[in-house]
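User: Hey, can you walk me through this one? I'm new to looking at structures, so plain words please.
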Amino acid sequence: MKTLFVVFASMLLSANTYAIDLATLQTRWAEAQYSLSGDAQEQAFAKLVQETENISVQDLPMLTWKGIINSSYAGAKGGLGALKYAKEAKAAFEAVIARDPATLNGSALTSLGVLYYKVPGWPIGFGDDNKALALLKRGLAANPDGIDSNYFYAEYLLEQGDKAGAKQYLAKARQAAPRPGRESADRGRQGEIASLLSKLGS
């Protein structure tokens, strides 16, 4: 009986090692995204991918963040090996959008839009600028004053050569209200906004 109890306790401890709540996940993502680089960043994202592997598909906010983690890992990893994680992210975002696209102020819409313009197109990947634009616009409609929805739409416009449009949405992103509990992410995103505006001569 004692042996069974020890085994059971060990199993519980192992399971809890991978239990993570949304706020913790967001904080650790911001740390990996903005405080780490190179191999350290890639390893941090890899661990987060593992920890979100078995989240419930019923938990749409966590499923959205599973997608964000996988797409971030794909970006850090690079190369053809990253495509697997980009596809995992795509599947997670699509599942959220199918059930409730308004989850987390349309984050899955914006994030899937970003994937479509970051991932190479056929025959290598699934990238598609037209799908990206449609999703980014839906993300903006869901969260018109959000820092991420405006930043990523601006980034897309800049990649398309629309500097004036990019400046407009970057300025709006810069004025976005702070997000409680997301201070690290806000600081990091504001740094990216300032960097793009600097390149645009603003």
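User: Okay, how many salt bridges does the structure hold?
Analyst: There are 9 salt bridges in it. Keep in mind that this is a predicted model.

User: What lets side chains pair up like that anyway?
Analyst: Side chains with opposite charges can pair when their charged atoms come close.

User: Cool. Which side chain does Arg28 meet in a salt bridge?
Analyst: Arg28 pairs with Glu51, at 2.9 Å from N to O. Arg28 sits in helix H2 (residues 22-35) and Glu51 in helix H3 (residues 38-51), so this pair ties together parts that are 23 residues apart in sequence.

User: And is Glu51 buried or exposed?
Analyst: Glu51 counts as buried, because its relative accessibility is 7%, under the 20% cut-off. Its partner Arg28 has 26%, so Arg28 counts as partly exposed.

User: What does Glu94 form a salt bridge with?
Analyst: With Lys90, where the closest N and O atoms are 2.9 Å apart. Both residues lie in helix H5 (residues 83-99), and they are 4 residues apart, about one turn of the helix.

User: How accessible are those two, Glu94 and Lys90?
Analyst: Lys90 is buried, with a relative accessible area of 19%. Glu94 is partly exposed at 35% relative accessibility.

User: Where do Lys172 and Asp145 lie?
Analyst: Lys172 is in helix H9 (residues 163-174), while Asp145 is in the loop between helix H7 (129-142) and H8. The pair links distant parts of the chain, 27 residues apart. They form a salt bridge too, with the closest N and O atoms 3.8 Å apart. Asp145 counts as exposed at 53% relative accessibility, and Lys172 as partly exposed at 35%.

User: Which residues do shared salt-bridge partners join into one network?
Analyst: That network is made of Asp148, Arg179, Asp186, Arg189 and Glu192.

User: Switching topic: at what angle do H6 and H8 pack?
Analyst: Helix H6 (residues 107-118) and helix H8 (residues 147-159) pack at about 20°, and their axes are 10 Å apart. Angles under 35 degrees count as roughly parallel, so H6 is roughly parallel to H8. The crossing of H6 past H8 is left-handed.

User: Which residues meet there?
Analyst: From H6 you have Thr110, Val114, Tyr117 and Lys118. On the H8 side are Asp148, Ser149, Phe152, Glu155, Tyr156 and Glu159. By class, that contact has 4 nonpolar, 2 polar and 4 charged residues.

Terms used. Residues are numbered from 1 along each chain as its sequence is written. This is a predicted model: local features need pLDDT of at least 70, side-chain atom pairs count only at pLDDT 80 or more; totals for chains, interfaces and linings use all residues. Side-chain values use heavy atoms; hydrogens and water are left out. Axes are lines fitted to C-alpha atoms, for helices over the stretch in contact, and angles run from 0 to 180 degrees between N-to-C directions. Helices (H or I, at least four residues) and strands (E, at least two) are DSSP runs, numbered from the N terminus. Angles under 35 degrees count as roughly parallel, over 145 as roughly antiparallel, 65 to 115 as roughly perpendicular and the rest as oblique. A crossing is left-handed if the near helix is turned anticlockwise from the far one by less than a right angle, and right-handed if clockwise. Contact means heavy atoms within 4.5 Å. Ala, Val, Leu, Ile, Met, Phe, Trp, Tyr, Cys and Pro count as nonpolar, Asp, Glu, Lys and Arg as charged, and the others, Gly among them, as polar. A salt bridge is a side-chain nitrogen of Lys or Arg within 4 Å of a carboxyl oxygen of Asp or Glu. Buried means under 20% relative accessible area, exposed over 50%, partly exposed in between (1.4 Å probe, protein chains only).
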